[in-house]
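The following exercises ask the reader to work through a structure step by step. Each task is followed by its worked solution.

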Amino acid sequence: MLLRVLVRSGVFLASLIVSSVLVFWFLAGLPGDPARVALGVNATEEAVAALREEFGLNRPLVTQYVDWVGGMLAGDPGRSYVSKAQIGPQLADRLQVTLWLVGTATVIAVLIALPAGTLMAVRHGRLSGLLLAAMSQVGVAVPAFLAGILLVALFAVRLGWLPSGGWTPPVEDPLMFLQQLALPALALGLVQGAVLSRYVRSAVIDVLREDYLRTARAKGLTPFRALRRHGLRNAMVPVVTVLGLQLSTLLVGAVVVERVFVIPGVGNLLLSAVADRDLLLVQAVVMVLVVAVLVVTFVVDLLYAVIDPRLRRG
Amino acid sequence: MAGAALVGLVVVVALVSFFWTPYAPMRVDSPSRLLGFSAEHWLGTDKFGRDATSMIMVGARTTLFVGLIAVSVAALIGVPLGVLAAMGPSWLGQLVMRASDLVLAFPALLLAIMFGAVYGASTLTAMIAIGIATIPSFARVARAGALQVMRTEYVLAARVSGRSRFAIAGRHVLPNISSLVIVQASVSFAIAVLAEAALSFLGLGTPPRTPSWGRMLQESQELLFVAPRLAVVPGVAIAIAVLGFNLLGDGLRDRYDPKLEQAR
Amino acid sequence: MDSDLIGSTRMVAGALAAAALLGLAACSAGSSTSPPEGTPPPSGEGSDEALVLGLVAEPASLDFTTEDGAAIPQALLVNLYEGLVKLDQDGEIVPALSTEWDVSDDGRTYTFELVDNAEFTSGEPMTATDVVFSIERVQTDWTTSLAAAMDVVESVEADSPTRVVVTLSAPSNDWLYRMTTRIGAIFSEAGVDDLASTPIGTGPYQLDAWNRGDSIVLTRNDDYWGDAPHFAEVTLRYFDDPTALNSALLSGGIDVITTVQAPEALPQFDGNDDLQIIEGTTNGEVVLSFNHRSAPFQDIRVRQAIRLAIDHQSLIDTCWAGRGELIGSMVPPTDPWYEDLTALVPHDPNLAAQLLGEAEQTDLTLRLRVPTLPYAESCGQVVASQLEDVGITVALDTLEFPAQWLQQVFTDHDYDMSIVAHVEPRDVPAVFGNPEYYPGYDNAEVQDLLAEADAGTPDEQVTIMQEVARVLSEDAASDWLFLLPNLIVADADITGLPENGIGEAFDLTLLARG
């Protein structure tokens, strides 16, 4: 077990290093002189040259890479070429926002998926199960941003119940914060919930087929009761894994949803940073996202070993 | 199967569009702007007077094309990698799996943004980005399948009798995992369609004068209250395509699964 | 033993949470950021109310001395930074930090009398030395090319703490006008350390917070030397997405849309008694530029053919919902030398085809490269279609704005035609008087006329500029698709919103509610 953890950690670290190199080398090849774009349409040649000097853009790439990584490790991604502000605090703020969005969406997704998926599995083949399955299929087929647009059209404009976007920090105005969070989290969560529910369904179906459940049912328990007593723990295994794998998809969905609802999260930051050719900021954001996914995968791997006793032995 | 029917519908529409569409899809026709459903324009027109039916038909081409290229790229690279990982030395297997996990950390959208930024966003960058992001799924599936096949009696016999790895791969592994790969292809196609729609919505996919469902969605936003059908039409098209591929994948999986059980 | 974690318990919890959320939502249904109760206090003191404006194109930094773009001056000029002079709603130059000014007979010496009680938000009083500092700084430290407008200043001196004398190297009609724009902003000698995030000015508002990616919050400067503005707090919220901007007004997230970017959706505001729609003009000429360095455009017949092929009214109707004015040259109706020159170039596709035939360019292929801005992408498609009707093949592609467009069109000149709105006021000299600028238009007659107009009397300036506009049109220096409209939608009870967009600033001091 310990060896396994060590190996996994080693792999994790290696992945971090390799991805940082990939991100840096790729983005360093961006066309569009970042200094010129940072200064705008009417900038003079001297100003552009001066900015390049100031940010060390004329140094060899390897030096720039090493500096960057060192900075990141120390928690200082540097200063933006465009806004001259420290990237670190800005990134932290944005990250918080996206975490709220993604976290709430995940909760909604799980709250939808577990009961729905279980029901679909238990009523497998019956009308209610089929209906739910059909709905979940449609849910999967609808992109998160389409769901977002439709939710805005209905709840924000038609009914006026909820705002169409924007963001207030929870400490400032908890009520407004919840209202603004509702629709975007719902847009993301509904779609994710539909996806997740199908995994739950198949996991539960598999578990229902297992021998010990058949024994339980032979004893006279309904499928539901049998599940509750014995099977759900095992059903959780693929769900946890999928949640981890789905993180990438959630982040992608968050980028578009943030655009539709005008939420100042990392998704929007990334899109603006690319448009502004804010090279360092793009690097920092991409790196953070990649690290997030790697970390979650790493944690899921470890959790997997904990949840599934069969694996632990192996 | 419902899935096959839906996918078939999309494919037929796309094929027909090569020969005939009610109107030239990108033809600006100002007097005919924002018309509703009618006999002349079955699905109405947009703010430029372009016929929605024609745009949907040609857009089907784009959608299928992007999906096809992306999935092909992913399969052509992912499957051999997966088989290699299963059949080769274990360190290679580990390396391939770790590398594919790494790629998983770069969602398709992220890659597409990066590619688009460097090379200028276009259909091509979208396809390649989605393709690269899908490689891990194929590698995984191929490896899992190959491992299973390796344990079968046929293969064990072949190995004992000294057959080369390549021969075994060719004669036993690939044919037996083909069904798994096809199922994965169907599922990945659905994901590719969604990804392309999102990219076009963000303006990072097909260029303006190429009809695309995602771009139609983006252009519909401005007119959501004046003409909601402009969002519904491409939205339904996307949903149909994705639904179709998902159902197809499910159906294929149900069909082939028992076969695999037997192979054991 | 009992794995009862999920299922019933969570479902109930989930349902409760959902119900609570909906309940909260319903309770505050329709509530907007309504200002607190209170009778408006006597004028000069302002109210306690807050206002939220919706805008596009968030500035990346607050420092317009090194950054271009209209967004920064739009927010900060007149509101946070003041100049010696400013523009009123009719486009007239009126006093600001300067109470009166005198021009010498030879037009080269300007003497400004300053207000004596203006203070910077840092607490330092504003005196003539700050004016001298600011003007000299434009020449030495500013890195934007708009700063070139200050090059005509030969010397500036503080005669007394409240008097400044500026000497120009040659008389210039344009200079005083430019002093109402960003280059005329007065900075504190001690307050320029962190212009990118800490602006310090003398204006009626000061910076309270800048939430990057979301909003800029300005609060009333209680030590302001002039009349207090009505709103105690103004939040400027920036939107990337035009539709989100519209939705925000409807759901109460903002009180004013300062510039509608999705005019197709305006009908949703019609007939709503709680809202007002303002439609006026701006300085934003949407220019279909020709790359004069590129061979086909060196033939005037090709340029004229392109202009004739475009049905401008139909274009506006299709790509900008019919909002906006047709202009025949680079001059908006709010400039003193405006003339309606649209009749010079009617819509005549037959004549266009004929001209192309005469120029032996019947098989022409041109690259139309547009930036990713709403009007450009939209109208680009119509332009391409209309040009194709006269036999020109158009390769349309979009370049990400600002990065790609700046690099490929603006710097590398790698294009044939492009579409972009030039929003700076009085930008004829900058765009068509400078052969180095991206269109590369080099007409000696125009350059001479521009110099004459600047050096002459104000009346001469008007006459000569009219001639310049005419020459540009007859020479088909470019095509002017239309003038961007000033489209504002706001709560019905807000007053003081500008009918036309005239200067660089969005003047918050004129706004009030009720």
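Helices (H or I, at least four residues) and strands (E, at least two) are DSSP runs, numbered from the N terminus. This is a predicted model, in which local features need pLDDT of at least 70 and side-chain atom pairs count only at pLDDT 80 or more, while totals for chains, interfaces and linings use all residues. Residues are numbered from 1 along each chain as its sequence is written, chains are lettered from A in the order in which they are written, and side-chain values use heavy atoms, without hydrogens and water.

**Exercise 1. Describe the secondary structure and extent of chain B.**

Step 1. Count the elements: chain B has nine helices and zero strands. Along the sequence they give the pattern α-α-α-α-α-α-α-α-α.

Step 2. Consider the extent. The C-alpha trace of chain B spans about 75 × 40 × 30 Å along its principal axes.

Step 3. Consider burial (buried means under 20% relative accessible area, exposed over 50%, partly exposed in between, with a 1.4 Å probe and protein chains only). Of the 264 residues of chain B, 57% count as buried.

Step 4. Consider contacts (heavy atoms within 4.5 Å). Among contacts in chain B between residues at least 6 apart in sequence, 70% join residues at least 24 apart.

**Exercise 2. Determine where the prediction for chain B is confident and where it is not.**

Step 1. Use pLDDT, the predictor's confidence in each residue, from 0 to 100. Chain B averages a pLDDT of 83, and 95% of its residues score at least 70.

Step 2. Compare the elements of chain B. Helix α2 (residues 52-87) has the highest mean pLDDT (91), and helix α6 (residues 153-160) the lowest (76).

Step 3. Locate the weak segment. Over residues 259-264 of chain B, pLDDT stays under 50, and the model has four contacts beyond four places in sequence for them. Where pLDDT is low, the predicted coordinates should not be read in detail.

**Exercise 3. Analyse three salt bridges and state which parts of the chain each one joins.**

Step 1. Apply the rule: a side-chain nitrogen of Lys or Arg lies within 4 Å of a carboxyl oxygen of Asp or Glu. By this rule the count is 26 salt bridges over all chains.

Step 2. Begin in chain B. The side chains of B:R140 and B:D101 form a salt bridge at 2.5 Å, N to O. This pair links distant parts of the chain, 39 residues apart: B:R140 is in helix α5 (residues 123-150) and B:D101 in helix α3 (residues 90-104). B:R140 is partly exposed, at 36% relative accessible area.

Step 3. Turn to chain C. C:R178 and C:D174 meet in a salt bridge at 2.9 Å, N to O. Both residues lie in helix α4 (residues 173-178) of chain C, four residues apart, about one turn of the helix. An α-helix has 3.6 residues a turn, so residues three or four places apart point the same way. C:R178 counts as buried, at 13% relative accessibility.

Step 4. Examine a pair between strands. C:D397 and C:R369 form a salt bridge at 3.1 Å, N to O. C:D397 lies in strand β14 (residues 393-399) of chain C and C:R369 in strand β13 (residues 365-371) of chain C, so the pair ties together parts 28 residues apart in sequence. C:D397 is partly exposed at 25% relative accessibility, whereas C:R369 is buried at 8%.

**Exercise 4. Assess how well helix α11 (residues 266-275) of chain A is covered.**

Step 1. Count the buried residues: eight of the 10 residues of this helix are buried, and the helix is mostly covered.

Step 2. Name examples. Among them are A:V266, A:L269 and A:V274.
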